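Here are a few exercises to work through with the model open beside you. Try each task before you read its solution.

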Amino acid sequence: MNRYLFLVILPLTIFSCQFNTHDKKPKNTVVLVSIDGFRYDYSEKYNTPHLDQIAKEGVKAASMIPAYPSKTFPNHYSIVTGMYPQNNGLVHNNFYDPEREQHYKVGLGKKDGSWFKGTPLWNLAEQQGQKSATFYWPVSDARVEGMTPTYYFKYNKPTPYFERVDQIQKWLSLDEEVRPSFIATYFSLVDTQGHLFGPDAPETKEAVEYLDQVIGKLYEVVKSYPDPIDLIIVSDHGMQQVDVENSIVLESLGRYKDFECVNGGGIQYFLYAKKGADIEKTYQELKAQEDKGFVVYKKEEVPERLHFSKGKRIPEIFCEAIPPMTFRNLRGTVSNGMHGYDPYKVKNMHAIFYGVGDHFHKGQAIKSFENIHIYPLIAKILNLKVPEEVDGDLKVLSPALIK
Ligand code: AMP
Ligand code: ZN
Ligand code: ZN
């Protein structure tokens, strides 16, 4: 009798599998947008009706805490890898790798993706049978793990913003088999104006309000589809008005020829010890000059909260400027606005987070959180399995999701 029962059940099972395939729900899609340098309080300081509407219809965080250092490349990459810079390899926009005996600077990764660790979300989607697309996102035009998104462009800063929105609309309109489920895009204007004119300047206000229009258009596009599409809007860091007249000239701190010295974007000064360097002596020499407006750390005494003490790319000694001070080289200049500071000391480094769509609660305010937690959130929406080495934890943002 068992044999006959099996013969009856088997076709039924096959039939029900086929039935499920035909009946399956439309696939989830996430559109992730970064507005570089959009400080956490710009939406209160300036007029942002579209972002305010998104906050009403979705989730808004009090702020998002950038990874250390609060620079563009480390933070965009920690958002899409869910890993702190010390683990994803991008510890700064400029750094030195003692093992490779090479200096890294922005753009090098386009030729050599081996600088980067981790699995960016666009790769995670591709590896698990989905398609991804980026209309600019730092590192998305490099070959990480030998891969790129199915659809991507080489970075070209002047590309008009509404053209980027139009392309996203085209991607969302593709047939299901070729339509990307993970889409990311990036806008630099608010950061550029914030640097040039400072966070309080009318030019920065104008940039913020223009970006709000761009976001308004994108939200309209996203809402025009019946499919479940979630829109997530973030920034990488904030912006701090600094003292343009007085800055710390790096050469005046001393000549440290036993160290490989790197100017970390005006806020950090990295000293990598060469063989035989006297680390303690140099540390003490720098410590004696802290009253110029900076703090100095030995690698082993970096505060735990910064997650910045692991691996050879973190130097044995580094200095960190304290606002309104910055570092510059003898012939260098300082712009009005800067970022890179410790986000736990300088609230102006905090960024933004908004999430809206089928999976997010409506009108929910959430407290500040670290940007590494976005990765498991997006993976959850897209039904992607998260790699074990990821630092982010789904528990942090799961209260923002409708179960
Ligand atoms: P930061 O120097 O930290 O303020 O970095 C912001 C700058 O990075 C902006 O002016 C962008 O134009 C630039 N940027 C953003 N994405 C890329 C990219 N994929 N390749 C090269 N530069 C980029
Ligand atoms: Zn930035
Ligand atoms: Zn910047």
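**Exercises on loops, a ligand and a metal site**

Pro324 is found in the loop between strand 15 (317-321) and strand 16 (327-328); strands (E, at least two residues) and helices (H or I, at least four) are DSSP runs, numbered from the N terminus. This is a predicted model, in which local features need pLDDT of at least 70 and side-chain atom pairs count only at pLDDT 80 or more, while totals for chains, interfaces and linings use all residues. Residues are numbered from 1 along each chain as its sequence is written, chains are lettered from A and ligands numbered from 1 in the order in which they are written, and side-chain values use heavy atoms, with hydrogens and water left out.

**Exercise 1.** Describe the backbone at Pro324, Pro69 and Glu145.

*Solution.*
- Start at the loop of Pro324: the bond joining Pro323 to Pro324 is cis, with omega near 5 degrees.
- Next, go to Tyr68 and Pro69, whose peptide bond is cis with omega near -5 degrees. Pro69 belongs to the loop between strand 3 (64-65) and helix 4.
- Finish with Glu145, which is not a glycine yet has a positive phi of about 55 degrees. Its loop runs between strand 6 (132-135) and strand 7 (151-152).

**Exercise 2.** Work out what surrounds ligand 1.

*Solution.*
- Count the shell (residues with a heavy atom within 4 Å of the ligand): 15 residues surround ligand 1, and Thr72, Asn93, Tyr155, Lys157 and Asp191 are the closest.
- Sort the shell by class: five residues are nonpolar, five polar and five charged. Here Ala, Val, Leu, Ile, Met, Phe, Trp, Tyr, Cys and Pro count as nonpolar, Asp, Glu, Lys and Arg as charged, and the others, Gly among them, as polar.
- Look at the ligand's oxygen atoms: one is 2.7 Å from a side-chain N or O atom of Thr72. For Tyr155 that distance is also 2.7 Å, and for Lys157 it is 3.0 Å.
- Place the shell in the fold: helix 4 (72-81) and helix 8 (189-197) are the elements giving two or more residues to it.

**Exercise 3.** Which residues coordinate the zinc ion (ligand 3)?

*Solution.*
- List the donors (N, O and S atoms within 2.8 Å of the metal, or 3.2 Å for Na, K and Ca; water is not among the atoms, so sites may look incomplete): Asp191 (OD) appears twice, joined by His195 (NE2) and His339 (NE2), at 2.0 to 2.5 Å.
- Read their spacing along the chain: D-x3-H-x143-H.
- Trace the link: Asp191 lies in helix 8 and His339 in the loop between strand 17 (337-338) and strand 18 (353-356), so the pair ties together parts 148 residues apart in sequence.

Conventions: Polar contact = N/O pair within 3.5 Å; in protein donor to acceptor, adjacent residues only side chain to side chain.
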